[in-house]
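User: I'm new to this one and would like to get my bearings. Can we go through it in a few questions?

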Amino acid sequence: MKRWQASEFGMPHAVLKMAEVAQPEPGPQEARVRVLAASVGLPDLMMVQGRYPLVPTPPVSPGQEIVGIVDKPGPGYPFPAGTRVMGNSRFDAGAGGLAEYALSPSVGAIPALPELTDSQAAGFPGSFHIAHIGLFHRAAIKPGETLLVLGGSGRTGSAAIQLGKALGATVIATARSQDKARFCRLQGADHVINLSEQPLADTVRDLTNGRGSDVIYDTVGGETYDQATQVVSRGGRVLLVGFSSGKLGQPNPQSLLFDDYSVSGALSVFRSDTERDETLSTLSDFLRRGSITPPVTDHYTFDAVPTAIASRSGGAVGQAVVTLSSTAGLEAAS
């Protein structure tokens with residue numbers, strides 16, 4: 001079988017090679033999956049470049065999230081052969097999803113919703129599933145509250161915008177260019193702060209009449225986190241989701257105590273079975289009603305993987321997907 005991998009860190013076009021390798025054998029709580037489509041995101045670019053903490057040393061096998069058909073379940077894997085599943089790959093063990101076959105860990109694996117095409121399903125758990133776990137189950141967001149999404153133009157942030165609106169919140173999103181700001185508005189953001197032109201904290205104060213944001217959904221970290229937590233409301237909730245800046249947000253215990261807000265992490269794999277089932281049911285309903293639509297903005301063929309990964313820097317918005325099957329390829333062309 002064919003798999004994209006790199007024996008050293010570097011720029012995608014320089015280090016990624018398509019290799020002929022043996023099909024991976026699943027261990028306990030794993031399955032071998034025939035990949036239909038793989039999401040390509042900033043974490044894939046970061047791991048190829050050596051900037052992703054879950055892949056500290058080469059070799060690198062990118063393709064963090066996939067949708068595929070279970071080919072060979074290992075002991076304890078919850079779904080039988082033939083099931084269409086979506087979730088993470090074992091990119092951390094050298095069996096990433098930018099391959100004809102990948103390993104799927106049972107933690108985080110879920111049946112692909114029938115409402116989703118392969119391209120939409122490829123990155124759904126790490127965008128919409130995580131957003132619902134965070135916003136609904138962790139932050140308990142309520143209709144009428146204000147949600148501040150840091151990094152609204154990425155696949156994770158854009159999902160939070162759409163879900164925030166579906167859950168009845170007023171959504172403020174941040175972006176760093178006019179094009180990214182426009183994309184955030186297309187996802188439903190009520191207000192967009194272009195950080196290349198507007199100060200974050202002062203603008204949030206103006207938009208909320210001094211009250212601040214009830215919930216902050218942070219996909220950026222670094223200085224943006226520091227600025228955003230200057231304008232969190234009393235009793236506010238901050239969700240740490242990602243670190244596109246290269247550094248996770250760093251909670252300040254004194255600020256938590258005296259400014260009266262809480263911080264928690266949100267990952268789609270860390271949820272109870274009840275939370276998982278409730279989230280899937282809610283997301284299915286939102287999909288059928290048209291309240292949410294995964295924004296797949298870029299499709300790539302399997303031989304264009306280095307270009308796909310390189311595209312996630314700079315001005316990229318939404319979701320990029322690499323398709324491997326003929327069905328997914330037809331879907332991408334439609």
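User: Is aspartate 214 buried or exposed?

Analyst: This is a predicted model, where local features need pLDDT of at least 70, side-chain atom pairs count only at pLDDT 80 or more, and totals for chains, interfaces and linings use all residues. Residues are numbered from 1 along each chain as its sequence is written, and side-chain values use heavy atoms, leaving out hydrogens and water. Buried means under 20% relative accessible area, exposed over 50%, and partly exposed in between (1.4 Å probe, protein chains only). Aspartate 214 has a relative accessible area of 5%, so it's buried.

User: Which residue forms a salt bridge with aspartate 214?

Analyst: A salt bridge here is a side-chain nitrogen of Lys or Arg within 4 Å of a carboxyl oxygen of Asp or Glu. The closest N and O atoms of this pair are 2.2 Å apart. The partner counts as partly exposed, at 48% relative accessibility. That partner is arginine 211.

User: How many residues apart in sequence are the parts that lysine 72 and glutamate 25 tie together?

Analyst: Their side chains meet in a salt bridge at 2.7 Å, N to O. Lysine 72 lies in strand E4 (strands, E, are DSSP runs of at least two residues, and helices, H or I, of at least four, numbered from the N terminus). Glutamate 25 sits in the loop between strands E2 and E3, so the parts tied together are 47 residues apart.

User: How many salt bridges does a search of the whole structure find?

Analyst: One of them joins aspartate 298 and arginine 312, at 3.2 Å. The search of the whole structure finds 19.
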